[in-house]
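Colleague: Please take a close look at the strand pairing in this model, and then add what you can about charged side chains.

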Amino acid sequence: MNLLSVNNLSKSFGDRILFKNISFGLNHGDKMGLVAKNGSGKSTLFKILKGKEIADEGIVVFRKDITISFLDQDISLPDETTVIDHLFLAENKVTVCIRAYEKALVDAGDPNNVNAGDQLDAALQEMNELNAWEYEKTVEEILSRLELNNKTALIKTLSGGQKKRLALAQVLINKPDLIIMDEPTNHLDIDMIEWLEYYLNKEALTVLMVTHDRYFLDEVCTKIIEMDDHKLYEYKGNFEYYVTKKAEREEMMNSELEKAKNLYKRELEWVRKQPKARTVKSKSRVDAFSDIAERVKQRKVTKAIELNVKMERLGSKILELIKVGKSFGDKKILNPFTYTFKKGEKVGLIGKNGIGKSTFLNIVQGIEPYDTGKIQTGETVVFGYYSQMGMKVDEGKRVIEVVREIADHIPLVNGTSLSASSLLTRFNFPPDMQFNFVSKLSGGEKRRLYLLTVLVKNPNFLILDEPTNDLDILTLQTLEEFLMEFPGCVVIVSHDRYFIDKLVDHVFVFEGDGKVKDYPGNYSDYRDWKALPKEEQEELDKELEEAVHKTIVIETPIPEKQKTETAKKLTYKEQRELEILEKEIAQLESEKVILEKELNETTDYEKLQNLSLKIKNASENIDTKGLRWLELSEKVN
């Protein structure tokens with residue numbers, strides 16, 4: 001049974017085409033995921049389906065007499081209503097039936113109402129058909145799973161995340177014929193997401209959703225539709241099937257386009273050779289040429305974002321937490337916790353919402369005070385903080401102004417530098433977008449710009465709090481590749497299990513009441529461990545602990561005499577070397593800035609090669625001298 005038909009839909013804003021002549025349908029029981037790059041028109045398509053935006057061409061047809069619920073990214077709920085009243089006052093088949101039954105009970109007590117018995121019988125029959133007797137139990141279960149435990153709280157007192165979860169609860173409780181959801185997993189912790197997967201799979205629901213959660217797409221969806229280059233492609237399977245078939249499609253398309261390109265060259269030559277005076281050409285050949293030209297123009301290269309900005313040098317001493325504790329009143333956030341971060345490690349933080357993960361990140365950076373213990377941060381550590389609150393920037397500014405406020409030129413790993421405009425282009429902000437106002441960007445594009453502003457500051461210790469929200473899959477894949485090669489430290493809070501699993505070496509599990517478990521594996525490893533009986537958990541813990549101890553290098557004790565000699569101050573020669581190094585490094589860095597400026601201003605090929613070589617040599621000298629400077633500095637300390 002078809003519930004939704006979209007036929008030849010097109011939408012543009014000025015010269016910018018979002019999609020053109022796209023068509024798809026949704027049948028009863030389908031669970032369809034929509035994936036696309038940021039800014040490609042997903043939200044606009046949803047607005048058209050909801051009737052809040054008008055398409056340029058095409059039609060949208062919903063089956064008559066079906067109920068539809070939308071879960072938007074931007075939630076609007078009545079402030080003065082309580083959580084429970086909002087759910088029971090909702091206009092769905094069950095609540096209408098319950099209210100009719102309650103009225104029939106009251107009317108049955110009126111001796112003057114001769115139809116009261118028939119009305120009560122009809123209401124009872126409808127209650128049984130809809131199984132409305134279970135409504136309150138369903139409400140309780142869903143609210144509990146989404147951790148909306150204070151049912152009498154006014155909606156205006158809820159956080160943004162709680163409001164999103166309340167809107168989700170209302171959609172699920174209503175059990176409409178068709179659910180259309182935009183990023184349903186945002187503001188849900190991992191336990192909630194896994195419950196939502198289970199719920200959507202067990203219920204006979206029809207769902208259309210936009211999400212970039214790849215595990216969620218894989219577990220829930222029976223179809224994937226992809227908007228790409230103004231067109232729509234449909235894949236009848238889950239996310240794994242989509243990835244496989246998309247790769248096959250692109251390989252085939254590239255092969256066909258290569259043939260078309262060669263044919264296009266031959267046909268172009270033929271068209272150009274036609275005598276100018278002729279008014280009639282071989283129409284079939286000209287029409288064929290037009291078709292080929294159109295196909296060749298469609299050829300595109302999927303451009304991944306390049307994240308090769310230079311990282312500041314990271315010394316041997318990074319970050320050490322020694323018995324650090326934190327509470328808010330009676331609520332324990334962190335029991336005395338000790339840990340020493342090592343260069344290159346990647347740690348994931350997992351746990352329920354509100355349990356203290358973000359507080360931990362703030363404590364590490366010195367933003368939030370702690371109650372007990374001590375934190376020692378290395379002198380070379382430069383934090384790069386990507387907050388889940390997003391970028392705080394004047395939306396009246398242009399995109400390029402946001403980057404230029406940080407730096408006009410950004411150093412790269414290979415020793416060269418990029419102008420702000422060039423870097424934006426690499427981050428998939430083409431020149432025509434760079435002078436757009438920030439307010440015109442989509443939610444995902446704003447997130448991508450925010451990520452760029454964090455990375456251009458050259459951090460060596462990245463702290464990422466929910467970095468995957470609103471980022472498209474291409475950006476997520478590129479970010480993952482960058483983080484896997486990132487030589488500094490990374491601490492990640494994310495509800496995206498795919499992202500966590502792919503990146504982290506181990507996880508800090510926030511179990512509640514201040515307890516934090518350091519588990520040597522990714523999220524899926526931890527989940528498998530948690531599913532074991534307690535005896536097997538303890539046995540595995542012992543094995544893991546033994547394996548960790550075997551990898552520890554036992555240091556040979558240093559004789560007291562040697563300790564004393566090491567602790568001495570620098571010799572006169574070393575002190576002099578340190579002073580010279582400081583001057584030389586400063587001079588080299590100044591020379592490098594001048595060379596980079598010249599590089600960005602010249603178009604002469606030979607000069608470009610010469611300047612690139614000089615910049616490379618300067619960078620290598622800076623690195624060599626910098627390491628020696630660090631060695632001498634640490635000896636002083």
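Modeller: Strand E1 (residues 2-13) and strand E2 (residues 16-27) run antiparallel and are joined by eight bridges. Helices (H or I, at least four residues) and strands (E, at least two) are DSSP runs numbered from the N terminus, and two strands pair if DSSP finds at least two bridges between them. The model is a predicted one, in which local features need pLDDT of at least 70 and side-chain atom pairs count only at pLDDT 80 or more, while totals for chains, interfaces and linings use all residues. Residues are numbered from 1 along each chain as its sequence is written, and side-chain values use heavy atoms, with hydrogens and water left out.

Within the first pair, Lys11 has Phe19 of E2 as its bridge partner. E1 and E2 form a hairpin with two residues between them, and Gly14 in that turn has a positive phi of about 65°.

Further along the chain there is an open sheet of three strands, ordered E11-E10-E13, with antiparallel pairing. Its edge strands are E11 (331-341) and E13 (372-377), each pairing on one side only. From one strand to the next the twist averages 20°; for such angles, axes are lines fitted to C-alpha atoms, for helices over the stretch in contact, and angles run from 0 to 180 degrees between N-to-C directions. Strand E10 (residues 319-328) is joined to E11 by seven bridges, and the two run antiparallel. Glu320 has its bridge partner in E11, namely Thr340.

Another open sheet has six strands in the order E14-E17-E18-E12-E19-E20, and its pairing is mixed. Strand E14 (383-386) and strand E20 (515-519) stand at the edges with a single partner strand each, so one side of each is left without a neighbour in the sheet. Neighbouring strands here are turned by 15° against each other on average, direction ignored.

In this sheet, strand E12 (residues 346-350) and strand E19 (residues 506-512) run parallel, joined by four bridges. The bridge partner of Leu349 in E19 is Phe508. E19 also pairs with E20, in the antiparallel sense and over five bridges, and there the partner of Phe508 is Asp518. Phe508 thus has bridge partners in both E12 and E20. The hairpin of E19 and E20 has two residues between the strands, and Asp513 in this hairpin takes a positive phi near 60°.

As for charged side chains, the structure holds 26 salt bridges, each being a side-chain nitrogen of Lys or Arg within 4 Å of a carboxyl oxygen of Asp or Glu. One of them joins Lys151 and Glu140, at 3.5 Å from N to O. This pair links distant parts of the chain, 11 residues apart: Lys151 lies in the loop between helix H5 (135-145) and helix H6 (160-174), and Glu140 lies in helix H5.
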